[in-house]
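The following report walks through one protein model, beginning with a single loop residue and then widening to sheets, helices and core. Please keep the sequence and the structure in view while reading.

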Amino acid sequence: MLRRVGLSLRHFLLERNSSAGHSSCSREAKMSRPVQARRLEGIDKNIWVEFVKLAATYSKVNLGQGFPDFPPPDFLTEAFTRALGGQNHMLHQYTRAFGHPPLVTVLAQFFKKLLGRDLDPMTNVMVTVGAYQALFCCFQALVDEGDEVIIIEPFFDCYEPMVRMAGGTPVFVPLRPNPPKDGKLMSSADWQLDPAELASKFSERTKAIVLNSPNNPLGKVFSRGELGLIAELCVKHDVLCISDEVYEWLVYDGKQHIRIASLQGMWDRTVTVGSAGKTFSVTGWKVGWVVGPDRLLQHLRTVHQNSVYHCATIAQEAVAQGFQRELRLYGKPESYFVQLPKELQQKRDWLVQSLDGVGMKPIIPEGTYFLVADISQFKSDVPDVPNSDEPYDYRFAKWMIKSKGLAAIPLSAFYSEAHKNNYTNFIRFCFAKEEATLKAANEILQKWKQEKTSS
């Protein structure tokens, strides 16, 4: 018995030694089978990866990326500090998966006021890791393979790849510019949907439409009439609405942000997406939410619980305290939601004046913290790139970053392949910046103007 065991062991060791060379080769062999999932095909490129790197390398002033470089309000950072250093050690642990109870409670109270209906904080509100994850949950939960999703152009660039990853087919309809005939600067309100064109995009395959108001990158705030048209078509064709309203508090010139979920027939078919990052100027905290009927949100909860599952507790606690303050001050002059748009409108007007002075034609935004400018008069300044099919706005933005030190984003990045070549004469700037940043941008533009005058 022992002899047989000994022989077996010796045989095993001899076999292992003789195959050692083969094993080392096997370990070094590379896989030959495809590893990328098919749903990722064609969506690997990202405008931000390229232009963030360019801005970091060459720019002196970055007005490209959409985040403030000024501090968030003191009451919010103080709330975060209290949560971090306070006696409630459970704030360092998991909270409720679908939203910290104090946060979903105050969001339900706040949106009851805004939407004019009672909301259950446990079933009508869900907290997400920023609005980005909220959108991802919407598309994964509500879009099936073969479903069509209408996207209004220009659009925030994640909509298309998220629809495709869910197996859906994006169907695009552009806002079309209608320049004023009196020679005044164009407004984002002058970019409008063609009602007949929009209606033609709805079919029996249409599952949802994505609405972004106020719109990034254009700054358009959709009017009640425009929203009514969209609502009428949604009801007629039994279509869902994914309403991205992250800039809901950033509207200017006395404009009013109207929530499409408040229109007749729309609550039961609308998921509204919000963001603490845009609301309180804390984009790095990554706290977002969705508000909607339980019949829709139950499916978003399924995606959430099987992916991210949980959001940072302390950030949720601080945002909850911020909303509690704003609920007490709702509509009052000392409310942050009243003060911030006033400050940003002034910054917007500064940038409009600076860009207009150098020869660009800014399109005055009604909302958000973005501004689009017409750069068609600068084509002679930008050198051609041999054997390049890059659109003009890309070449202009790269040239401006490298030669002028000022970063912006080409507008055609916010369009589908079918339409982007029609919108290559524009770039997008972000004006949610410190006064010093905007002054530095103005100095670059003034120097540029002098160079153009003297040449």
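Is Tyr 309 buried, exposed or partly exposed? In this predicted model, Tyr 309 is partly exposed, because its relative accessible area of 44% lies between the 20% and 50% cut-offs. The residue sits in the loop between H11 and helix H12 (313-328), and its phi is positive, about 70°, although Tyr 309 is not a glycine.

**Overall frame**

The protein has 455 residues, of which buried residues make up 52%, and its secondary structure comes to 15 helices and 15 strands. Taken along the principal axes, the C-alpha atoms fill a box of roughly 105 × 60 × 55 Å. Among contacts with a separation of 6 or more, 73% are accounted for by residues 24 or more positions apart.

**The seven-stranded sheet and its helices**

An open sheet of seven strands follows the order S2-S10-S9-S8-S7-S3-S4, with mixed pairing. Its edge strands, each pairing on one side only, are S2 and strand S4 (169-174), and neighbouring strands are turned by 20° against each other on average when direction is ignored. Within this sheet, S9 and S10 pair in the antiparallel sense over four bridges, and Ser 275 stands opposite Gly 288 in S10. Helix H11 packs on the sheet, where it touches S2, S8, S9 and S10, and its direction makes about 25° with that of S2. H5, in turn, lies across S2 and S10 and runs at about 125° to S2.

The buried residues of H11 are Leu 296, Leu 297, Leu 300, Arg 301, Val 303 and His 304. Seen down the helix axis, these buried residues fall within an arc of 160°, so they line one face of H11. What covers them includes strand S2 (125-128), helix H6 (130-142), strand S8 (240-244), strand S9 (270-275) and strand S10 (288-291). The buried residues of H6 are Gly 130, Ala 131, Gln 133, Ala 134, Leu 135, Cys 137, Cys 138, Phe 139 and Leu 142. For both H11 and H6, the reach from first to last C-alpha is close to the span expected at 1.5 Å a residue, as set out below.

| Helix | Residues in helix | First to last C-alpha | Expected span |
|---|---|---|---|
| H11 (294-305) | twelve residues | 16 Å | 16 Å |
| H6 (130-142) | 13 residues | 19 Å | 18 Å |

**Loops with unusual backbone values**

The loop between strand S7 (206-212) and helix H9 (224-237) contains Pro 214, and Pro 217 lies in the loop between S7 and H9 as well. The peptide bond from Ser 213 to Pro 214 is cis, with omega near -10°, and the bond from Asn 216 to Pro 217 is likewise cis, with omega near 25°. Lys 286, placed in the loop between helix H10 (276-279) and S10, has a positive phi of about 55° although it is not a glycine. With a relative accessible area of 37%, Lys 286 is partly exposed.

**The four-stranded sheet**

Four strands form another open sheet in the order S11-S12-S15-S14, with antiparallel pairing. Strand S11 (361-363) and strand S14 (409-410) are its edges, each pairing on one side only. S11 is joined by three bridges to strand S12 (residues 370-374), the two running antiparallel, and the bridge partner of Lys 361 in S12 is Asp 374. Helix H13 (residues 336-358) packs on this sheet and touches S11, S12 and strand S15 (426-430), its direction making about 15° with that of S12.

**Core and a buried threonine**

In soluble globular proteins, nonpolar side chains tend to be buried together. Here the largest nonpolar core has 141 residues, of which Met 360, Phe 396 and Phe 429 touch the most other members. Helix H5 (residues 101-115) supplies the largest share of this core, nine residues. Leaving aside neighbours within four places in sequence, Phe 396 is in contact with Met 360, Ile 375, Phe 378, Val 382, Ile 427 and Trp 448.

Thr 437 is found in helix H15 (residues 435-454). This threonine counts as buried because its relative accessibility is 17%, which is under the 20% cut-off. Not counting residues up to four places away in sequence, Thr 437 touches Val 61, Leu 63 and Asp 69.

Definitions and conventions. Residues are numbered from 1 along each chain as its sequence is written. This is a predicted model: local features need pLDDT of at least 70, side-chain atom pairs count only at pLDDT 80 or more; totals for chains, interfaces and linings use all residues. Side-chain values use heavy atoms; hydrogens and water are left out. A nonpolar core is a set of buried Ala, Val, Leu, Ile, Met, Phe, Trp, Tyr and Cys residues joined through side-chain atoms within 4.5 Å. Buried means under 20% relative accessible area, exposed over 50%, partly exposed in between (1.4 Å probe, protein chains only). Contact means heavy atoms within 4.5 Å. The expected span of a helix is 1.5 Å times one less than its number of residues. The arc is that of the directions from the helix axis to the C-beta atoms. Two strands pair if DSSP finds at least two bridges between them. Axes are lines fitted to C-alpha atoms, for helices over the stretch in contact, and angles run from 0 to 180 degrees between N-to-C directions.
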